Amino acid sequence: MAKIYNIAVIKGDGIGSEIVDEALKVLDATSVKHGFELNYNFYLMGGAAIDVFGEPLPSETLNGALSSDAVLFGAIGGPKWDNLPRDKRPESGLLKLRKGLGAYANLRPAMIFDELVDASTLKPQVLQDVDFIVVRELTGGIYFGQPREKRDDSAFNTMVYSKFEIERIAKVAFDTAMLRKKQVCLVDKANVLETSQLWREVVNEVAQNYPEVKVDFMYVDNAAMQIVRNPRQFDVILTENLFGDILSDEASMVCGSIGLLPSASIGGKVGIYEPIHGSAPDIAGQGIANPIATILSAAMLLRYSLCEKEAANSIENAVKMALAEGYRTKDIADFGAKEICTTSEMGGIIAKFIGKQ
Ligand code: NAD
């Protein structure tokens, strides 16, 4: 009998529903080809949930996510909800979902598509063979540390990490490296921060269990420079929450369009898979959003949460085939387009290429 997986689908706000619909189209084609079934359960989060339930993460959504095999998520946020207090804003729904699912490891691959090499602001020769992944700690550090307070004439936040939190994310980074080029670079600020000094100690301890993996350490200011100077030197970049937030966005620009890159938040009970971009309210409803980042997030979902590796490969190959044939959404139209497609057409073309492999 075919395996059946339950997927919690959260479309969110802005372009969320447009891009998630295309990922579902591609997942459907993939499940037919690879002989498994996907049950989708749809939930609200972010602004859409605020409008209906008055809060960005209703308990129904959290419970639905917790009882699923994986979460496919679009994006949240928009000007309509910008003036709400911080813990009532759409973004706080996502932070709470990650925390609620215990998803402490954020994986963001930085990949180059040969056909889109000109979409990057970097020179093609700098981009050759670039293939690295940022493993960012997601549920600790300064975004969550207590105490925190905003006063009239001062404000403070706390960066705090326990040994346990560092150990578990370090293991994710080393396991990831074992499947790749076997290099981990810990990015920190150990010349200034005590938390970074603890990170170095713990990472060195975890490294003892991975003798094949080469470990380097780099200060975050240098890493920010090296990612644009010579990105080819990296395999797995391991870093804490705040540094990872910034560096993974920088890494995405190495690759060109924000509409192309997927992410996975894993390590807890259930993984969350989402594009790296936001809800793009400026283009919502126009049918021009690029669905590829969400479609590649669906591939990560198959690989990391469902262990359907062949199916994940099919999606990644189908994306490459669509790009190689010159299909482009508007955001990447200047780079080798033979045919400009809408969001929905791009999803359909990628789904068709699943069947052609
Ligand atoms: P954004 O990523 O939504 O958009 C930045 C720019 O990239 C815009 O010009 C947009 O049109 C373009 N873009 C983004 N995704 C695209 C796609 N798939 N195809 C084509 N073009 C695309 O970032 P922003 O404008 O800073 O934020 C908009 C809203 O999204 C805000 O409310 C923000 O808080 C929210 N946001 C949400 C998430 C998330 O849900 N994980 C992440 C970042 C921002």
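Helices (H or I, at least four residues) and strands (E, at least two) are DSSP runs, numbered from the N terminus. The model is predicted: local features need pLDDT of at least 70, side-chain atom pairs count only at pLDDT 80 or more, and totals for chains, interfaces and linings use all residues. Residues are numbered from 1 along each chain as its sequence is written, and side-chain values use heavy atoms, with hydrogens and water left out.

**View 1. A cis peptide bond at P147.** The bond from Q146 to P147 is cis, with omega near 0°. P147 sits in the loop between β5 (131-137) and β6 (149-150).

**View 2. Positive phi at K182.** K182 is not a glycine, yet its phi is positive, near 60°. The loop between α6 (163-178) and β8 (183-188) holds K182. Most residues other than glycine have a negative phi, and most peptide bonds are trans.

**View 3. The shell around the ligand.** The ligand has 21 residues around it (near means a heavy atom within 4 Å). E91, G278, A280, D282 and N290 come nearest. The shell divides into 10 nonpolar residues, seven polar and four charged. Here Ala, Val, Leu, Ile, Met, Phe, Trp, Tyr, Cys and Pro count as nonpolar, Asp, Glu, Lys and Arg as charged, and the others, Gly among them, as polar.

**View 4. Polar contacts to the ligand.** A polar contact is a pair of N or O atoms within 3.5 Å; within protein, one must be able to donate a hydrogen and the other to accept it, and residues adjacent in sequence count only if both atoms are side-chain atoms. A polar backbone atom of A280 is 2.8 Å from a ligand oxygen atom. For I76, a polar backbone atom is 2.9 Å from an oxygen atom of the ligand. E274 places a polar side-chain atom 3.3 Å from a ligand nitrogen atom. On its own the ligand has 810 Å² of accessible area, and the protein covers 68% of that (Shrake-Rupley method, 1.4 Å probe). β3 (70-75) and α4 (90-101) are the elements that give two or more residues to the shell.

**View 5. Packing of α10 and α11.** Helix α10 (residues 292-305) packs on α11 at about 160°, with the axes 7 Å apart. Axes are lines fitted to C-alpha atoms, for helices over the stretch in contact, and angles run from 0 to 180 degrees between N-to-C directions. That makes α10 roughly antiparallel to α11 (over 145 degrees).

Note on methods:
Angles under 35 degrees count as roughly parallel, over 145 as roughly antiparallel, 65 to 115 as roughly perpendicular and the rest as oblique.
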